[in-house]
Amino acid sequence: MSVALDTSALLALAVDGVQRSVVLEALAGDPVWCASAMALTEALPAIDRLTDETVLRADLEDAVRLAWDHLHVVPLDQRCLDRAAGLARQQPVRLTDAIHLAAAERLPQPVRFVTFDPAQLGVAEALGFDVVSR
């Protein structure tokens, strides 16, 4: 089984708390960890919304980048973007969420999809993913 992380799960790896434990548990059972190429790009500016403290921002960025170094990156080619556009038109998700979902669909099945974004939960389940959110 492959484990796919969205941006919320990638960020959770850098922040102490319950969500971090959930992600670590999901990763523990599988050797293949993945994320869409967009996850890091989306995570870095999100760090600035977590804290105003410069040192904490730097620490969080270091932690996110360290986690990123252990992930297989699913490229966002035209096929993936076209699928994401279709999902965003057919399902109640934003385009950024649809990109994560479309990238996860490209992985060998079955896929464990880790997200803390409520908008993605139902769509991920409908796509047949084993969804981890708590």
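# A five-stranded sheet and its neighbours

Let's start in the middle of things: Ala4 sits opposite Cys34 in β2. Keep in mind that this is a predicted model, where local features need pLDDT of at least 70, side-chain atom pairs count only at pLDDT 80 or more, and totals for chains, interfaces and linings use all residues. Residues are numbered from 1 along each chain as its sequence is written, and side-chain values use heavy atoms, with hydrogens and water left out. The names for helices (H or I, at least four residues) and strands (E, at least two) come from DSSP runs, numbered from the N terminus.

**The sheet as a whole**

- An open sheet is built from 5 strands in the order β3-β2-β1-β4-β5, and the pairing is parallel. Two strands are said to pair if DSSP finds at least two bridges between them.
- The edge places go to β3 and β5, each with a single partner strand, so one side of each has no neighbour in the sheet.
- On average, neighbouring strands of this sheet are turned by 30° against each other, direction ignored.

**Strand by strand**

- β1 (residues 2–5) and β2 (residues 32–36) run in the parallel sense, paired over 4 bridges. Besides the Ala4 and Cys34 match, Ser2 stands opposite Val32 in β2, and Val3 stands opposite Trp33 in β2.
- β1 also pairs with β4 in the parallel sense, again over 4 bridges. Here Ala4 faces Phe113 in β4.
- β2 pairs with β3 (residues 72–74) in the parallel sense, over 3 bridges. Cys34 is the residue opposite His72 in β3.
- β1 is covered on both faces: Ser2 and Ala4 on one side, and Val3 and Leu5 on the other, are all buried. Buried means under 20% relative accessible area, exposed means over 50%, and partly exposed is in between (1.4 Å probe, protein chains only).

**Two residues to click on**

- Val32 belongs to strand β2. With 31% relative accessibility, Val32 counts as partly exposed.
- Leaving out residues up to four places away in sequence, Val32 touches Met1, Ser2, Val3 and His72. Contact means heavy atoms within 4.5 Å.
- Val32 and His72 are 40 residues apart in sequence, yet their C-alpha atoms are 7.5 Å apart in space.
- Leu10 has its place in helix α1 (residues 7–12). Its relative accessibility is 0%, so Leu10 counts as buried.
- Not counting neighbours within four places in sequence, Leu10 is in contact with Leu5, Ala39, Leu40, Ala43, Val64, Ala67, Trp68 and Leu71. Take Val64: it is 54 residues away from Leu10 in sequence, but 6.7 Å away in space, C-alpha to C-alpha.

**Two helices that cross**

- The axes of α3 (residues 38–50) and α6 (residues 95–105) come within 10 Å and cross at roughly 140°. Axes are lines fitted to C-alpha atoms, for helices over the stretch in contact, and angles run from 0 to 180 degrees between N-to-C directions.
- α3 and α6 are therefore oblique to each other. Angles under 35 degrees count as roughly parallel, over 145 as roughly antiparallel, 65 to 115 as roughly perpendicular, and the rest as oblique.
- Met38, Ala39 and Glu42 of α3 meet Thr96, Ile99 and His100 of α6 in this contact. Those residues divide into 3 nonpolar, 2 polar and 1 charged. Ala, Val, Leu, Ile, Met, Phe, Trp, Tyr, Cys and Pro count as nonpolar, Asp, Glu, Lys and Arg as charged, and the others, Gly among them, as polar.
- α6 is mostly covered, with 8 of its 11 residues buried. Among them are Ile99 and His100.

**An aromatic pair and a cis bond**

- The structure holds 1 aromatic pair. The rings of Phe113 and Phe129 have centres 5.6 Å apart and planes at 25°, so the pair is stacked.
- Rings of Phe, Tyr and Trp (its six-membered ring) pair if their centres lie within 6.5 Å, and planes under 30 degrees apart count as stacked, over 60 as edge-to-face and the rest as tilted.
- Phe113 lies in strand β4 and Phe129 in the loop between α7 (118–126) and β5 (130–132), so the pair ties together parts that are 16 residues apart in sequence. Phe113 and Phe129 are both buried.
- Gln109 and Pro110 are joined by a cis peptide bond, with omega about 0°. Look for Pro110 in the loop between α6 and β4 (111–114).
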